[in-house]
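Biologist: I should like to request a close look at a single part of this model.

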Amino acid sequence: MTVFISHRWLADRLGCVDKHNELKKALTHKSFFKNEDSENSNSRYVFLGMFAFKGKVAETLFNYLPGTGTQVQHYLGNLFKDEILIRIYNTYHLNELCRYGSTFDLDKQKHITVFGFLGFVCQWLRPDKLNQFIVRNFLTETDHLMPTQFKNRNLKSQCNYFSRLRYKNNELVTTQVVNAYLFSSTVNAG
């Protein structure tokens, strides 16, 4: 089955199909217009993506991630590395939806289109959908949250890493057999 990728299709996938024209605007660079029309371009959405969307992610990190302010700031920076932005560009098929002119260097400015998209997401997704988007695209995989020299990146090591940041202890998992089909596990971090 072939899916026709359109602004309406992506807006529907995000849960705001009625805003598909705004999505088209959010994915249109000013170079697309003959006179580089900033009024109808994505420049305001890019601004929103770079600052408001990042602010929403920062708020999520503040509420749920242990560590000092400096550590959380480093985590936030890691979340917006080019490799993460390119993954979003590919996941949401932005290559088929972005509009730009011949002077636009896609290889050097791909992040601009992603920030326009993130600005749209920040502006038009319902709060629950926005939180789901942030978790799905920025927090599901935690490799980019770990120190660059972090060893043994399995789930237990990751849990211990965050437990030591928050509680100064490794976590302790105990499992008890309730019956042949049911187990009860407890995680304790001191």
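Which helix gives the largest share of the lining of the largest pocket, and how many residues come from that helix?

Modeller: The model is a predicted one, in which local features need pLDDT of at least 70, side-chain atom pairs count only at pLDDT 80 or more, and totals for chains, interfaces and linings use all residues. Residues are numbered from 1 along each chain as its sequence is written, and side-chain values use heavy atoms, with hydrogens and water left out.

Helix α9, residues 155-167, supplies the largest share of that lining, namely 5 residues (helices are DSSP runs of H or I, at least four residues, numbered from the N terminus). The largest pocket (an open set of points on a 1 Å grid where a 1.4 Å probe fits, with protein on both sides within 12 Å along at least five of seven lines; lining residues have an atom within 4 Å of a point) has a volume of about 150 Å³. Its lining is formed by Tyr64, Pro66, Cys159, Phe162, Ser163, Arg166, Tyr167, Glu171, Val187 and Ala189. By class, this lining comprises 7 nonpolar residues, 1 polar and 2 charged (Ala, Val, Leu, Ile, Met, Phe, Trp, Tyr, Cys and Pro count as nonpolar, Asp, Glu, Lys and Arg as charged, the others as polar).

The aromatic pairs offer a further view. The count comes to 12 aromatic pairs (ring centres of Phe, Tyr or the six-membered ring of Trp within 6.5 Å; planes under 30 degrees apart are stacked, over 60 edge-to-face, the rest tilted). One of them joins Tyr45 and Phe120 in a tilted arrangement, with 6.4 Å centre to centre and 55° between the planes. Because Tyr45 belongs to helix α3 (residues 43-64) and Phe120 to helix α7 (residues 106-124), this pair ties together parts that are 75 residues apart in sequence. Tyr45 is buried at 9% relative accessibility (buried means under 20%, exposed over 50%, partly exposed in between, with a 1.4 Å probe and protein chains only), and Phe120 is likewise buried, at 0%.

Phe53 and Phe133 have ring centres 6.0 Å apart and planes at 80°, so their pair is edge-to-face. With Phe53 in helix α3 and Phe133 in helix α8 (residues 127-139), the pair ties together parts 80 residues apart in sequence. Phe53 is buried at 0% relative accessibility, and Phe133 is buried at 1%. Both rings belong to one aromatic cluster with Phe80, Tyr92, Phe115, Phe117 and Phe138.

Glu22, in helix α2 (residues 20-26), is partly exposed at 28% relative accessibility. Beyond its neighbours within four places in sequence, Glu22 is in contact with Tyr45, Phe120 and Trp124 (contact means heavy atoms within 4.5 Å).

Conventions
Grid points are joined across faces, edges and corners, and a volume is the space filled by probe spheres set on the points. Helices (H or I, at least four residues) and strands (E, at least two) are DSSP runs, numbered from the N terminus.
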